[in-house]
Every structure is written in structure tokens, then in C-alpha cells.
Amino acid sequence: MSKKRIEYCKKCFNKKRDDLVICKHCGSKENAIKCTNCNDKLIKEISDLYCDYCMPVKDFKTLKLKFLTKEETLDQSLFRDIGSIKSYILENYKVRVGNQKILFQGTEQNNVTKIPDLYLKKVQIPALTDKELILNILITRRPFQVEVHLKISDYNQTFGTYVTVSDQNTIADLKRKLNTTVLYCPPFDFMHIESKDGVQLSDDKTLEYYGIYEAGSELYLKQRTLVRLYFRNSGDTIERVVIIEGDYVRKTIGDVMIDYQKEFPGASINFKKDDLSFTGDQMLYGLKDLKLFQVYDLSFTVRESRLKIKRNCSLM
């Protein structure tokens, strides 16, 4: 790219500031070889908007990433700094940024290091004159923290708790950590964990499987209550899992009995007092007035009428 010749030195450039040239890469300012005003000799004229030191950047085209088991060649113009490369690895290889180390000539680089700056360091070594830059990628397993919001109360207040995890931890591992760090946490079998977008997380899957890579990722811990229906006449049993959210936060055992009475018209429904599993000392209350979040495990006996009862086995 040709440039208009500059005609004023640093002493005189204030007379014609618009002719000052700024290097495309480093931003340094240079003037012409000679000033027509005072005839002083100055530093070399910039060609193609690059200063003398940055001139090799013009020829820099190829960026190569070297993993332990593979290599990938990329167009360097797509990446400005090390942080942009880490974002590319996160998106394409599902490796969180905190687990990435990017090395240049054996030294780890920080996120704000500019890619062309590394290339300029390389070309200062006479033996390294090829027009590509090679970066080594190391994958580590560093712990990070996720924020777990608790939604376990009669007024649905949310509390945030930070838990240190690895992306190889399973959801079951996370539950065990929560059991030791969170006050009023439900027992393991009655914990329900969701992602921020409402996806239920399975115990046997890892955080990495669900794309949870970064510190500050938000999860939600809710309580689930197991409800059993014993049909006395037929001997059948239905098990349902109730997630304590929405209307179920305020519902009592008595409310649930009314719901089942509507579902199974003509049947006699009673709950089994001996099969109640409480979240604490709840015996001061009338049992039918207990809220569902105060109970982990609840059983009802359904004495069927002669009318045929439709048994819905879906989750509540």
C-alpha cells in the first residue's frame, strides 16, 4: 500500500499534523527522511503503514496450534491475541479457558498478548525465518467454582453457594460436595439439580458433558419429594417424584390428598403416618398441614371403589 511522502520533521509537524503516519501494528509515529522546512534528517519513512520493526508482520500469514496429539493450521488474521485463541479452543474442542496453557518458545502467554508481537519476537532469531508462528497447547485439569442457587423454602428464596469442582466431576460428586457445605441441604436421593436454562442434570454425567467449564457457572438446587400410592385392592404401587417448585412450594399434604381425590374419584385416600420422612422435627404441626418441602418421602393408601380408576404413572 503506497503512502504519501511526509515533508515535515518532528519540530515542524505541528504545522501539518495530518501528514503524521501511524504504524498499523504498534501505533508508533514517524516522519519523512528530510523535512523541507528545516532539512533535518529523520528516521526512515514508513512503507505500507508499518514501521521498521513491525514490517515483518506484512508477511505473517499462518498460525499453527500444536496439541499433544494433533496440529491445526489457522489463518492468523482471525486472531488478535492469546485470549481469542483460547475462546476458539473452548468453542471447537470444549476445553474451558481455565484448563488451557498456551506456550510460545516454552513460556506460557497471558490472554492479552498480541499474536503479531509473538511473531515479531520469533523473526528476530535468524534461524527462524519461516512465515508461520507455532504455539503449543497444553490441557490441564484445574479446579474452578460453580455457583449453586438453593431454592428450598416455603417462600422460594434463593441463596448462592460457591462449590469448588473439576469439569471431570459428576453431578453425583457435586451433590456430595453440597451435602458437606450447604446448610439445610436435602439428602442425596432427594436433591434435584438443574442448569440455568432448566435442564435436569443426571447423576452419572460430568460437568464437562453439560458444557459447564467456567468459574461462575450457575446451577440450581431444588428438593424433590418421593410420593407413593398403594392401591389396597389391587396391590399395585405407583411412585411419583415431585419437584418442590411453583405451586408445590405452598402445597400441604392435605392439598395433595385433595388433588388425588379428584384424580381418583370414588376412592378413599389416606396417608401412612409411619412412612413419612421429615426434613426436621415437624411433629408440632398437624400432619395434614405439613408443607411438601417439609417431607422427603410420603406414602398414600388408596382404597379403590368399584369404579375403574385411571392410574397415571407420569411425573407430577
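**Exercise 1. Determine over which residues at the start of the chain pLDDT stays under 50, and place that stretch within the confidence of the whole model.**

Solution. In this predicted model, pLDDT stays under 50 over residues 1-8, a stretch for which the model nevertheless has 29 contacts beyond four places in sequence. Residues 307-316 also have pLDDT under 50 throughout, and for them the model has 22 contacts beyond four places in sequence. Turning to the protein as a whole, the average pLDDT is 76, and 71% of the residues score at least 70. Among the elements, strand β2 (residues 29-30) has the lowest confidence, with a mean of 58, while β5 has the highest, at 93. Where pLDDT is low, the predicted coordinates should not be read in detail.

**Exercise 2. Work out which strands pair with β11, and in which sense, parallel or antiparallel.**

Solution. Begin with the parallel partners: strand β8 (residues 144-151) pairs with β11 over six bridges in the parallel sense, with V148 standing opposite L219. Strand β15 (residues 295-303) is likewise parallel to β11, again over six bridges, and here Y230 stands opposite T301.

Next take the antiparallel partners. Strand β10 (residues 191-195) pairs with β11 over five bridges, and M191 has Q223 as its bridge partner in β11. Strand β12 (residues 237-243) is joined to β11 by seven bridges, with Y230 opposite T237. Y230 of β11 therefore has a bridge partner in β12, namely T237, and another in β15, namely T301. β11 and β12 form a hairpin with five residues between them, and G235 in that turn has a positive phi of about 85 degrees.

**Exercise 3. Explain why β11 can be called largely enclosed, and find which residues have the most contacts inside the largest nonpolar core.**

Solution. Of the 15 residues of β11 (residues 217-231), twelve are buried, so the strand is largely enclosed by the rest of the structure. The largest nonpolar core has 24 residues, and those with the most contacts inside it are L229, I253, Y260 and F300. The elements giving two or more residues to this core are β11, β12, α4 (253-263), β13 (268-271) and β15. A second core, separate from it and made up of 19 residues, includes F60, L63, I82 and L135.

**Exercise 4. Identify the strands that pair with β7 and name a residue pair for each.**

Solution. Strand β3 (residues 62-66) runs parallel to β7 (residues 132-139), and five bridges join them; T62 stands opposite E132 in this pairing. Strand β5 (residues 100-104) pairs with β7 in the antiparallel sense over four bridges, where Q100 stands opposite I139.

**Exercise 5. Decide how the buried residues of α3 are arranged around the helix axis.**

Solution. First list the residues: in helix α3 (residues 171-181), I171, A172, L174, K175 and L178 are buried. Seen down the axis of α3, its buried residues fall within an arc of 155 degrees, so they line one face of the helix.

**Exercise 6. Describe the backbone and the surroundings of Q105: what is the sign of its phi, where does it lie, and is it buried or partly exposed?**

Solution. Q105 has a positive phi of about 50 degrees although it is not a glycine. As background, most residues other than glycine have a negative phi. Q105 lies in the loop between β5 and β6 (107-108), and its relative accessible area of 47% makes it partly exposed.

Conventions: Residues numbered from 1 in each chain as written. Predicted model: local features only at pLDDT ≥ 70, side-chain atom pairs only at ≥ 80, totals over all residues. Heavy atoms only, no water. Buried < 20%, exposed > 50% of the residue type's maximum accessible area, 1.4 Å probe, protein only. Pairing = 2+ DSSP bridges. pLDDT = per-residue confidence, 0-100. Contact = heavy atoms within 4.5 Å. Arc of directions from axis to C-beta. Core = buried A, V, L, I, M, F, W, Y, C linked by side-chain atoms within 4.5 Å.
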